[in-house]
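Visitor: Could you take me closely through the surroundings of the ligand in this model, and then through one residue of the protein that deserves a separate look? I would like the distances and the areas set out together.

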Amino acid sequence: MEEKKAKGKIILVDDEESILMLLTEFLRENGYEVDSFSDSIEALSALKTGRYHILITDMAMPKIDGLQLISYIQKEYLNTLGIVITGYGSLENAINALRCGAFDYILKPFKLEDIMSVVESAMYYYNLMTNVGLTQKFSSRANLMKRFSQSRLLLENALLKERLKEKYKFNNIIGISFGMQKVFELIEKVAETNATVLITGESGVGKELVAKAIHYNSLRKDNPMVVVNCGAIPENLLESELFGYEKGAFTGAYNTKYGKFEVADKGTIFLDEIGDMSLNLQVKLLRVLQEKTFERIGGSKPIRVDVRFIAATNRDLEQMVKDGKFREDLFYRLNVVPIHIPPLRERKQDIPLLIDYFLEQANRFNDANVEGFDEGALEVMMAYDYPGNVRELNNIVERVVVLKKKGIITIEDLPEKLWVAKEKEEHIDIQKGYETLVTEFERAIIMKALKETKGVKSKAASILNMNRTTLIEKMKRLGME
Ligand SMILES: Nc1ncnc2c1ncn2[C@@H]1O[C@H](COP(=O)(O)OP(=O)(O)OP(=O)(O)O)[C@@H](O)[C@H]1O
Ligand SMILES: [Mg+2]
């Protein structure tokens, strides 16, 4: 009951008991639910399990310090916003914390009102980030931007202004989640260098988009970016695509053909689906990476090129190396700067912004005028796990816009697969606890198999692909015998 009424849930960490008590009481009086810890190790395990909106932590603490707690939030992609408390003399520390992903800082000695204003802007930002009603309230990104710039943060805090400035959009890549913010940072850092980049992530997370962002923010942007899909082309064709061939190199080679490496000279070559490249071609590619020279097929003249390499894959290359399916030396050559794009289900904060973005596009392309998603529809969109990631989200939005044309999207307008998933999830009463739920499910599975086989256990076992004795044991354990 309490929980519902609270303005937000805060985890407070400070090894100084007096400050801890003072702040706990103050925040509670102001309507927040507070869990406080003087031991940062305990705080870390609470952070792992609890769903906190805000973490307020002292910087200097024995064992685990504030910065480590902030880094943990980043590493686990928690939505929790971190606020650090630090001494006046150490503004450096505060800036460091912001760089590590803290939302804001409080300088000691502080006034309690200061705490309140920082906490309230954090809550405001948190809601903006995760609120499922976001699209509805700010029906276009322009409105959202307006709201952003009116917020206290942007007006009052120059450091944060720097941090939030258009930060949720990098070129045409949308992402407000910590995971995507990190990707943006990496793109910025690496773009102007010539470093080889390996982009990994599931299908549809935006690997090609990131590759383009790197190229178009680099000094090579006026030269070509050449895309080669190593998965889509058969091996021998891929070889001639990449290296080109000399006239007469083989039957049918009537003219000299330039390979993609040559076409990409002074620009960038994007080797997509690199995990699908044959071991044979991997050797040849390695040589180009190492020596920047190669020969056309059937040729003997070494050709020198100045190319920046970006590769991408949705496969686990490290595992492929272990399995002997990908050359280790090539892996290290490619993996100079790894950029991993997390799947959409691990950064659901991005969903409302992506919906807005794709909605605007779909309206424009289809001459439609859909205003937004209502709260229920948005909730369903947030609950879905998107195996096809951003591409799937885009397709869903485009499809509902085309079918709806105008008005507001409700649950009924959404593809069935979305609310089926939602319903399944709704039937799970998490209060029962994990063990009970799993047991219930096991029981239901066995019941169904037994019904189908009219109670014949050996048949039921074979349908379920298990031994008859295992089935009988399980039934005993579940009290079904
Ligand atoms: N963060 C994002 N913001 C805006 N659009 C995105 C974002 N991520 C992906 N998209 C869009 O989703 C679609 C899929 O992206 P992209 O082709 O880059 O994915 P991919 O990771 O290369 O997928 P695959 O492994 O299947 O090739 C594209 O239309 C892209 O523009
Ligand atoms: Mg791709």
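Guide: A residue is taken to be near a molecule if one of its heavy atoms lies within 4 Å of it. The model is predicted, and in it 18 residues surround ligand 1, the closest being Ile174, Ser203, Gly204, Lys207 and Arg391. By class, the shell around ligand 1 divides into 8 nonpolar, 5 polar and 5 charged residues.

Among the polar contacts of the ligand, two involve the protein backbone: a polar backbone atom of Gly204 is 2.8 Å from an oxygen atom of ligand 1, and a backbone N or O atom of Gly206 lies 3.1 Å from an oxygen atom of ligand 1. A side chain also takes part, since an N or O atom in the side chain of Arg391 is 3.0 Å from an oxygen atom of ligand 1. Taken alone, ligand 1 exposes 640 Å², and the protein buries 84% of that area. Two or more residues of the shell around ligand 1 come from each of strand E7 (173–174), helix H12 (207–216), helix H18 (350–366) and helix H20 (389–404). In terms of domains, at least three residues of the shell are drawn from each of domain 2 (131–167 + 342–427) and domain 3 (179–340).

Helix H12 also leads to the residue for the separate look, Ser218, whose place is in the loop between H12 and strand E9 (225–229). Ser218 has a relative accessible area of 3% and is therefore buried, as the limit for that class is under 20%. The side chain of Ser218 has polar partners on the backbone: a polar atom of this side chain lies 2.7 Å from the backbone oxygen of His215, and the side chain of Ser218 reaches the backbone nitrogen of Arg220 at 3.1 Å. When residues up to four places away in sequence are not counted, Ser218 touches Ala191 and Arg308.

As a setting for both sites, the protein has 24 helices and 18 strands, and 46% of its 481 residues count as buried. Of the contacts in the protein with a separation of 6 or more, 68% are accounted for by residues 24 or more positions apart. The accessible surface of the protein comes to about 24,900 Å², and carbon and sulfur atoms hold 50% of that surface.

Key. Residues are numbered from 1 along each chain as its sequence is written. Chains are lettered from A and ligands numbered from 1 in the order in which they are written. This is a predicted model: local features need pLDDT of at least 70, side-chain atom pairs count only at pLDDT 80 or more; totals for chains, interfaces and linings use all residues. Side-chain values use heavy atoms; hydrogens and water are left out. A polar contact is a pair of N or O atoms within 3.5 Å; within protein, one must be able to donate a hydrogen and the other to accept it, and residues adjacent in sequence count only if both atoms are side-chain atoms. Accessible areas come from the Shrake-Rupley method with a 1.4 Å probe; for residues, only the protein chains shown count as cover. Helices (H or I, at least four residues) and strands (E, at least two) are DSSP runs, numbered from the N terminus. Ala, Val, Leu, Ile, Met, Phe, Trp, Tyr, Cys and Pro count as nonpolar, Asp, Glu, Lys and Arg as charged, and the others, Gly among them, as polar. Domain bounds come from an automatic or database domain assignment. Buried means under 20% relative accessible area, exposed over 50%, partly exposed in between (1.4 Å probe, protein chains only). Contact means heavy atoms within 4.5 Å.
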